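Here is a short note for someone opening this structure without having seen it before. The points are numbered and can be checked one by one against the view below.

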Amino acid sequence: MISRRTKKSNIDDNYLQNQLKQSGAVPVHIAIIMDGNGRWAKKRNLPRVAGHKEGVESVRDIVEVCGQLGVQHLTLYAFSTENWKRPKDEVSMLMRLLMNALRDETDKLHKNNVRVNAIGDISALPVEVRNELNDAKEKTLNNTGLQLHLALSYSGRWDITQAVRKIADEIKTGNLSPDQITGEIIEKHLTTQNIPDPDLLVRTSGEFRISNFLLWQLAYSEIFISTVCWPDFRRNQLYEAIIDYQKRERRFGMVSEQLGKTSSEFNFVKKILKHVSG
């Protein structure tokens, strides 16, 4: 997407990114529920596949800008365990789209120092998709920039269930006792082990639910709901989400005085928000 921009728009974009970095903390981990592809297509009298294809363009732009902003982790809810219930033709189309996107984008991701990871029941994916995914993970394994986590055949309940099974196995073999189970033990058995909890959850298309996504990990995440459908969600919409995030006071159960923050830390916010929204 960046290649389509004019020189002036690139300068404006660099300005906005610098302002964002100065105005407050950029989230370490952003998680996104990419919703609204079908509705986007329906509004335009297009087949659903058109919405999914345009959604790939949004993924490309958001991954790129997260790397530019210094976001360390980006988790995209790409395919849920419930999505297997969709019509067979649509599931097949989504798998082909995923496979092609991995094939087409891996070199660029590698060039941009992005490391590709996946969470979910990967064994449920078609072998061709697993092969492309493994190639992408292997090629980008040593990259040190943005870590891109693709949630595939994933749901929060599935993740917690598989973690409980592993813990039960350890108890059965005598390697763990029930009174040793803590929050840290559970986190060690989730597929998000070694990934920090999301600071910011973004959901597109105006829906107010988390749809079985990262149920354990979102306990203290800030939530931003965008009314924009995913195919129209690009970097300016992400800037709005981050600006909103920077205005939040994250107390984690404490009180404001314990945090030692003042509202003066957010002096840049109104100025940037005005610039982004035009």
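1. A residue is called buried here if its relative accessible area is under 20%. By that cut-off, five of the five residues of strand 1 are buried, and the strand is mostly covered. The cover is on both faces: His29, Ala31 and Ile33 are buried on one side, and Ile30 and Ile32 on the other. Please keep in mind throughout that this is a predicted model.

2. In what order do the six strands of the sheet lie? The order is 3-4-2-1-5-6, in an open sheet with parallel pairing. Strand 3 and strand 6 are the edge strands, each pairing on one side only. From one strand to the next, the twist averages 20°.

3. Strand 1, residues 29-33, has strand 5 as a parallel partner, over four bridges. Within this pairing, Ala31 has Leu201 of strand 5 as its bridge partner, and Ile32 has Val202. Strand 1 is also joined to strand 2, residues 73-80, by five bridges, and these two strands run parallel. There, Ile30 is the bridge partner of Leu74 in strand 2.

4. Strand 5 and strand 6 run parallel and are joined by four bridges. Leu200 is placed opposite Glu222 of strand 6. Which side chains of strand 6 point to the buried face? Those of Glu222 and Phe224 do, while Ile223 and Ile225 point to the other face and are not buried. A reader going through strand 6 should note that the glutamate at 222 is among the buried residues and that two isoleucines are not.

5. Val116 belongs to strand 3, residues 115-119. With a relative accessible area of 4%, Val116 is buried, because the cut-off for that word is 20%. Which residues does Val116 touch, leaving aside its neighbours within four places in sequence? The contacts are Leu109, Ala136, Lys137, Thr140, Leu148 and Leu150. Val116 also has Glu138 at 8.4 Å, C-alpha to C-alpha, although the two are 22 residues apart in sequence.

6. Helix 5 packs on the sheet and touches strand 3 and strand 4. The direction of helix 5 makes about 135° with that of strand 3.

7. Helix 5, residues 127-139, also meets helix 4, residues 88-111: their axes come within 9 Å and cross at roughly 15°. The two helices are therefore roughly parallel to each other, since angles under 35 degrees count as such. Their crossing is left-handed. On the helix 4 side the contact is made by Met95, Leu98, Met99, Leu102, Arg103, Thr106, Asp107 and His110. On the helix 5 side it is made by Glu128, Val129, Glu132, Leu133, Ala136 and Lys139. By type, the residues of this contact are seven nonpolar, two polar and five charged. Ala136 deserves a second look, being listed both in the contact with helix 4 and among the contacts of Val116.

8. Ile195 lies in the loop between helix 7, residues 183-189, and strand 5. Is Ile195 buried or exposed? At 13% relative accessibility, Ile195 counts as buried. Apart from neighbours within four places in sequence, Ile195 is in contact with His29, His73, Asn117, Ile119 and His149. For His149, the C-alpha to C-alpha distance from Ile195 is 9.3 Å, with their positions 46 residues apart in sequence. One of these contacts, His29, is a buried residue of strand 1.

9. Two backbone angles should be checked. Most residues other than glycine have a negative phi. Ser153 is not a glycine, yet its phi is positive, at about 50°. Ser153 is placed in strand 4, residues 147-154, and is buried, with a relative accessible area of 2%.

10. Where does the other residue, Ser205, lie? Ser205 is in the loop between strand 5, residues 200-203, and strand 6, residues 222-225. Its phi is near 75°, again a positive value in a residue other than glycine. Ser205 is buried as well, with a relative accessible area of 11%.

How values were computed: Residues numbered from 1 in each chain as written. Predicted model: local features only at pLDDT ≥ 70, side-chain atom pairs only at ≥ 80, totals over all residues. Heavy atoms only, no water. Axes fitted to C-alpha atoms, helices over the stretch in contact; angles between N-to-C directions. Parallel < 35°, antiparallel > 145°, perpendicular 65-115°, else oblique. Left-handed = near helix turned anticlockwise from the far one by under 90°. Contact = heavy atoms within 4.5 Å. Nonpolar A, V, L, I, M, F, W, Y, C, P; charged D, E, K, R; others polar. Buried < 20%, exposed > 50% of the residue type's maximum accessible area, 1.4 Å probe, protein only. Pairing = 2+ DSSP bridges.
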